[in-house]
Amino acid sequence: MDATEMWNAFCANDPTLTDMGHKAWAFGCEPDLLAQLVLHGQKTATTSSYPLYALENEPLPQVGEYNIILDGNDKAICITQTTKVYRTLFKEVGAHHAYLEGEGDQSLAYWRKVHQDFFTAELAEVQLTFTPDLEVVCEEFEVVFS
């Protein structure tokens with residue numbers, strides 16, 4: 001099922017949702033694995049680089065918005081609704097958020113290693129340098145349709 005088909009199926013139960021905004025996207029790193037972690041409730045949070053929102057002129061995630069999570073082939077896996085958004089420094093992301101991200105052993109040490117590697121590569125593409133003082137956007141969500 002593609003994103004439009006999933007959104008239409010979701011809205012069939014509540015036509016008032018049809019006019020609600022939504023985004024469809026895949027995780028930048030291991031989209032298939034991460035989409036499955038979301039679908040099965042293990043991954044209920046994500047983190048993104050704040051400077052890229054400004055560079056790409058993209059609005060920050062908002063509480064209440066819907067996201068269609070795609071796999072690496074743009075197949076719609078599920079729909080999530082954002083429940084919490086906050087900005088912090090990379091070095092201040094805590095163990096609870098790392099656990100909610102649901103990856104690896106769900107430890108803060110694992111989260112820091114994987115995300116430092118990801119952000120270093122992502123920022124290098126736009127000639128920015130990773131530091132532990134990188135401002136990040138932390139988002140929590142729940143699956144509302146699959």
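This section describes the fold, the surface, the nonpolar cores and selected loop residues of a predicted model.

The protein chain holds five helices and five strands. Read from the N terminus, the order of elements is α-β-α-β-α-β-β-α-α-β. A compact globule of 146 residues would have a radius of gyration near 15 Å, and the protein chain has 15 Å, so the two agree. Along the principal axes, the C-alpha atoms of the protein chain fill a box of roughly 45 × 35 × 25 Å. Contacts were also sorted by separation in sequence. Of the contacts in the protein chain with a separation of 6 or more, 70% join residues 24 or more positions apart.

Burial and surface were examined next. In the protein chain, 38% of the 146 residues are buried. The exposed surface of the protein chain comes to about 7,800 Å². Carbon and sulfur atoms supply 52% of that area. The protein chain carries 8 positive and 23 negative charges. The mean positions of these two sets of charges lie 8 Å apart.

In soluble globular proteins, nonpolar side chains tend to be buried together. In the present model, the largest nonpolar core has twelve residues. Its members are Ala3, Met6, Trp7, Phe10, Cys11, Leu17, Tyr66, Ile68, Leu70, Ala76, Ile79 and Phe145. Three elements each supply at least two residues of this core: helix H1 (3-12), strand S3 (66-70) and strand S4 (76-89). H1 gives the most, with five residues. Ala76 belongs to this core. Leaving aside its neighbours within four places in sequence, Ala76 is in contact with Met1, Asp2, Ala3, Met6, Ile68, Ile69 and Leu70. Another core lies apart from this one and has eleven residues. Val93, Trp111, Leu134 and Cys138 are among them.

Several loop residues were then considered. Asp14 sits in the loop between H1 and strand S1 (22-26). With a relative accessible area of 30%, Asp14 is partly exposed. Asp14 and Glu122 are 108 residues apart along the chain. Their C-alpha atoms are separated by 38 Å.

Gly64 lies in the loop between helix H3 (50-55) and S3. Gly64 and Asp19 are 45 residues apart in sequence, and their C-alpha atoms are 14 Å apart in space. When neighbours within four places in sequence are left aside, Gly64 is in contact with Gln81 and Thr82.

Two residues other than glycine have positive phi values: Asp74, near 65 degrees, and Gln106, at about 65 degrees. Asp74 is found in the loop between S3 and S4. Gln106 lies in the loop between helix H4 (95-101) and helix H5 (108-124). Is each of these residues buried or exposed? The relative accessibility of Asp74 is 52%, so Asp74 counts as exposed; the cut-off for exposed is over 50%. Gln106 has a relative accessibility of 19% and therefore counts as buried; the cut-off for buried is under 20%.

Note on methods: Residues numbered from 1 in each chain as written. Predicted model: local features only at pLDDT ≥ 70, side-chain atom pairs only at ≥ 80, totals over all residues. Heavy atoms only, no water. Helix = DSSP H or I, 4+ residues; strand = E, 2+ residues; numbered from the N terminus. Rg over C-alpha atoms; globule rule 2.2 N^0.38 Å. Buried < 20%, exposed > 50% of the residue type's maximum accessible area, 1.4 Å probe, protein only. Contact = heavy atoms within 4.5 Å. Areas by Shrake-Rupley, 256 points an atom, 1.4 Å probe, with all protein chains shown as cover. Lys, Arg positive; Asp, Glu negative; His and termini not counted. Charge placed at Lys NZ, Arg CZ, Asp CG, Glu CD. Core = buried A, V, L, I, M, F, W, Y, C linked by side-chain atoms within 4.5 Å.
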